[in-house]
Amino acid sequence: MPKRSIKKDRGGVSRRRFLKGVSTTAGLAVGSSAIGGFPTVWAQNIKDVTINHAGPPVTAIPRIAEQATKDLGFTVHMQASENADLLNRFLSQSNAIDVADVSLTYMRYVTGRNILQAIPIAKLKYWDQTIPLFTKSEYPDGRKASTQGIAPYGILYATGPDGQKFAEGPSEWVTGVPSVTNADTLGVRPDLTGRPITSWADLISPEFKGKAALQDNPTIGIIDVAMAVEARGDLKYGNKGNMTRDEIDKTIALMMEIKKSGQFRSFWTSFDQSVNLMASGEVVIQSMWSPAVTAVRTRGIPCVFQPLKEGYRGWGYTFGMMKHLSGLKLDCALEYVNWYASGFQGAFIARQGYYSAQPETAKKYLTEAEWDYWYGGKPAASDIVDPYGKVVEKAGRVRDGGAFWERMGNIAVWNSVMDEDRYLTRRWNEFITS
Amino acid sequence: MSQQALGSSIRRPRFDIPVLRLSPRVVSWLQVGPLSVILVVLFALPTLLFLVVSFFDYDRTGLYPAFILDNYRELLTTPATIRVYVSSLKFAVIVWAITLCLGFNIAYFLMFHVRNGVTRTALFLLCFVPFWTSGIIRTIAWIPFLGRNGAFNQLLMHLHLTSRPLDFLLFSDFAVIVTYVHLHTLLMAGPVANSLAKIDPALLEAARDAGASRWQSMVNVVIPLSKTGIALGSILVFTQVMGDYFVVKQMSGGQSASIVSALSTEIQAMQYPPAAANAMVLVLFVAVLVAVLMRVVDVRKELVSRGDVASSGRDTHMMGGDARPWTFYALAALFGAYLVFLYGPMLVIYVLSFQGPDGGVTFPMVGVSVLWFENIVKPGQMANIPVSFGRSLGLAALVSVLTVVIAVAAGFGFRRRFPGSGALFYIAIASLVMPSLLVGFGIGLGFQVLGWEPGLFTSALGAQLTWTLPFGLLAMFAVVNRFNRSYEEAASDLGANAWQRLIHVSLPILLPGILGVGVGAFTLSYDEYARTTLTAGNRNTLPLEIYALISSSSSPMLFAIGTVTTAFSFLVIGVTLWAIVRMQRRRGPLAGVD
């Protein structure tokens, strides 16, 4: 592996340019020597290489590809597709994609379909910086993490280089390199709910009739409702992320009843919808994403990403490599995945409220105030800006839910694809049409 | 068909015409050839594949070749299926009735009451402009328009028509129907207008002279003569509503479902066999509906039978004299109301695009700024709008040209009965109804299997053509149907050869309709999402980029895009009309062209 010692300094430069006015530690301007460690032939060859990176809009950010192109000497092209389309593109256009952000749940669909190849852990520079929640299914303090739903550990390791089977425990290959993760909970309009929200059960409380919303996605929607009905004491689940037929039937029956009562104002599919429903006051309580809550708040409308006593619903992405990659392009893809985990990308998405699976590398690219706010759970020492330079939080504010491990350390269930997903899809369609 | 070839064939003396005489049947086959090849290869073959797959077994990670009926059994026994079919049919019938009334009257107004050809074209284009703003952006605008705190509710409360906001305006069946009418009235008005164009105003005068009331001449003359247009418009509206997924999902807030929404849930979970079964049942169902409609009005037969009514220049002598009848004012008011309805949500877009830096895509306005316009072109943003706009524009232009050429040729081909015309017609209908996601998936997969690189101007172009060509074909039916063959015969009698007849007689007469097909195909392609997303390769078109944008952010920049698009459209239209008017002034009034 080539030496990457100058990496940090280059990062300093780009970050400084990026965060205008935010003081940074001095960096050396060494732009053109970015690939100084490579043999000349390599440097000549890779100029013409283009890595096509496909991902969901949440992670496939053009600005990250621009920086990678600048740093790596070959071209990275970023393409964002809506989630469900992305999954189908893996199958219908896998040749047009080189590397991809694959959500943990989608791993269950693509592994075994000959779409991805496994990545040897030995080639990963920042593997030891990856959080143990992903690599060992435990927290830094040694507590075991929840395995309800598709927990990262269960789909992380592959049995061999072809990556077509999950290994039970750690192996030499991963199906993808952990990249982005977060803990979701209910977003709430505290000015309109009229009382503090403390439990998932409030999602289905008749008080908020006609003012609640659900995500229109069988695998996520039913888990949110399961959190709520379990919290209310209606049902008890063995594994909310992997329900039995009986549990699915009972849950769907309850959901139909709740729907009939007029509880739900809307079912949303996109980020934009979830923000607009909340900002316009159509909805006062719904499960949301962290930056969506921030987006509501930057419009001067009170909105809280409410920590709840039952815990969070976790999700994550890994960085996967398509089967067809080989030779020089594969080498470049491996360079890119290491760059991806080296901090710039982690810091970028941190400013949107998501976490990096290698937080220590991201830390190097964040100011102290940013790190303390997004990861530390401390009051913002200065105004906090998003990756596009817009102030999203005023100095003094504390992040909803607190520090990284307070949030990620309290995951009750992960997003999921259930064993009975075929049955669930059918029943979900019945629910939606009811 | 290069320009040169056309030119030389026109100049060629008559006796020099090659004596190669093709039988009419062969000519028809050649004319519908390109259409058939594209639809068979890009639509029928993948559909056959899906038919096979619909009998397969599957689990989360694979398909297993088999012949099982489970997918159909599960589909036909779940109560969800009957519910979505009833609900989709209900929507289709209601929307059909409304668009028929609205579309017919608008077409009637434009064709019979608007006396100036340029004004008529301008008004038609005015109806198109809102659709050049991405459907996704328009859909977002319904929330600030119809929502609890939306503009419409604010207006109602301001006028003291209601004391509290009306909830049913948004996320309801009402909202779904309003949006459908918004989208599809033009699909009805277009074909009807073409049918009306062939009616000689002298016929109406004759009816009046014979003592018929306005109502009688409407029922006994106008409606029977425009039944082809009505039938074609009905097919378009019906297929659109039955095959819809996006509008129902967005406007009912996910509370109602459509036939395709169940299918899309299955595709999201990679459950292709039940999705394929679902699609087969849907296509069959709609095909039967269309077949029933064909029993009432056989549009293909209408093309074959000779036009028995003469059409003449209507620009100058209309309805005798200058006194406008009361119906003019009534219909003008209706048309005005339609424009208000069409532009209502657009006004919300225009206003909110000037939102302040801290504002969102809903009311209230938080200050005023042009920041969002600046953001469109500012580099390093979440989406690259200018580049994807360029791609969409290029693709839409190409699709539009290809659609015009291929659909016009096919439209001429269908003027004769030829073996296979029925099959081709129903393949085109099926291609309109077939859920787009599945069509795109099939084409994408085909490229993958053959080892071809998918791309905007290969696979995506093909996928879009399976969508715009059937539209173009049905529109051409309406266009060709307005055409009186005696002009062609007269041209032949005067010694014109086939090319001369085409270039100097047929095409000029049909030009307004053909341009309509071109503009329609452009609009469809420019805004296409579902067929493009799985075939676009690794470069996004504008709708894909916008959809990605709303999936990770929420910003009034989308509305700024809408405002810029509208301004740009008006500019282009304005310049074009100005050029036409100038040209007409120079040449004097064009006879015979309306």
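Where along chain A does pLDDT stay under 50? Select residues 1-37 of chain A: that is the stretch, and the model has 38 contacts for it beyond four places in sequence. You are looking at a predicted model, so colour by confidence before anything else. Chain A as a whole averages a pLDDT of 87, with 90% of the residues scoring at least 70.

**Stop 1: where A meets B**

Show both chains and pick out the contact between them. On one side you get 57 residues of chain A, and on the other 56 residues of chain B. Several elements of chain A each supply at least two residues to the side that touches chain B. The strands are β1 (50-55), β2 (75-80) and β10 (264-268). The helices are α3 (62-72), α4 (83-92), α5 (104-110), α11 (271-279) and α18 (421-433). Which of these gives the largest share? It's α18(A), with nine residues. Now colour the chain A side by residue class: 22 are nonpolar, 20 polar and 15 charged.

**Stop 2: R427 in chain A**

Stay in helix α18 of chain A and select R427(A). Is this arginine buried or exposed? R427(A) counts as buried because there are 22 C-beta neighbours inside 10 Å, and the cut-off is 20 or more. Leave out the neighbours within four places in sequence, and R427(A) is in contact with I248(A) and I252(A). Try a distance label to T251(A) as well: the C-alpha atoms of R427(A) and T251(A) are 10.0 Å apart, while the two residues sit 176 residues apart in sequence.

**Stop 3: a covered strand in chain A**

Next, select strand β3, residues 99-103 of chain A. Five of its five residues are buried. Flip the view to check both faces: V99(A), D101(A) and S103(A) are buried on one side, and A100(A) and V102(A) on the other.

Now bring in the strands that pair with β3(A). β1(A), which you met at the interface with chain B, pairs with β3(A) in the parallel sense over two bridges. Look for H53(A) standing opposite V99(A). Then add strand β13, residues 312-322 of chain A: five bridges join β13(A) to β3(A), and the two run antiparallel. Here A100(A) stands opposite G320(A).

**Stop 4: a three-stranded sheet**

Still in chain A, find the open sheet with the order β5-β7-β6, where the pairing is antiparallel. Which strands are at the edges? Select β5 (119-120) and β6 (157-158), each of which pairs on one side only. Zoom in on β6(A) and strand β7, residues 173-174: they pair in the antiparallel sense over two bridges. One opposite pair to display is A158(A) and W173(A).

**Stop 5: two helices in chain B**

Over to chain B. Show helix α2, residues 24-53, together with helix α18, residues 385-413. Their axes are 7 Å apart and the helices pack at an angle of about 145 degrees. As for handedness, α2(B) passes α18(B) in a left-handed crossing.

Turn on the side chains at the contact. From α2(B) come S28(B), Q31(B), V32(B), P34(B) and L35(B). They meet I406(B), A407(B), A409(B), A410(B), F412(B) and G413(B) in α18(B). By class, the residues of this contact divide into eight nonpolar, three polar and no charged.

**Stop 6: positive phi in chain B**

Keep chain B up and select F171(B), in the loop between α7 (151-158) and α8 (173-197). Its phi is near 55 degrees, a positive value in a residue other than glycine. F171(B) is counted as buried because it has 29 C-beta neighbours inside 10 Å.

Where do you go for M270(B)? To the loop between α13 (259-268) and α14 (272-296) of chain B. M270(B) is not a glycine either, and has a positive phi of about 55 degrees. With 25 other C-beta atoms within 10 Å, M270(B) is buried.

Finish on α13(B), the helix that M270(B) follows. Ten of the ten residues in α13(B) are buried. Among them are I259(B), L263(B), E266(B) and I267(B).

Note on methods:
Residues numbered from 1 in each chain as written. Chains lettered and ligands numbered in written order. Predicted model: local features only at pLDDT ≥ 70, side-chain atom pairs only at ≥ 80, totals over all residues. pLDDT = per-residue confidence, 0-100. Contact = placed C-beta atoms within 7 Å. Helix = DSSP H or I, 4+ residues; strand = E, 2+ residues; numbered from the N terminus. Nonpolar A, V, L, I, M, F, W, Y, C, P; charged D, E, K, R; others polar. Axes fitted to C-alpha atoms, helices over the stretch in contact; angles between N-to-C directions. Left-handed = near helix turned anticlockwise from the far one by under 90°. Buried ≥ 20, exposed ≤ 12 C-beta atoms within 10 Å, placed from the backbone. Pairing = 2+ DSSP bridges.
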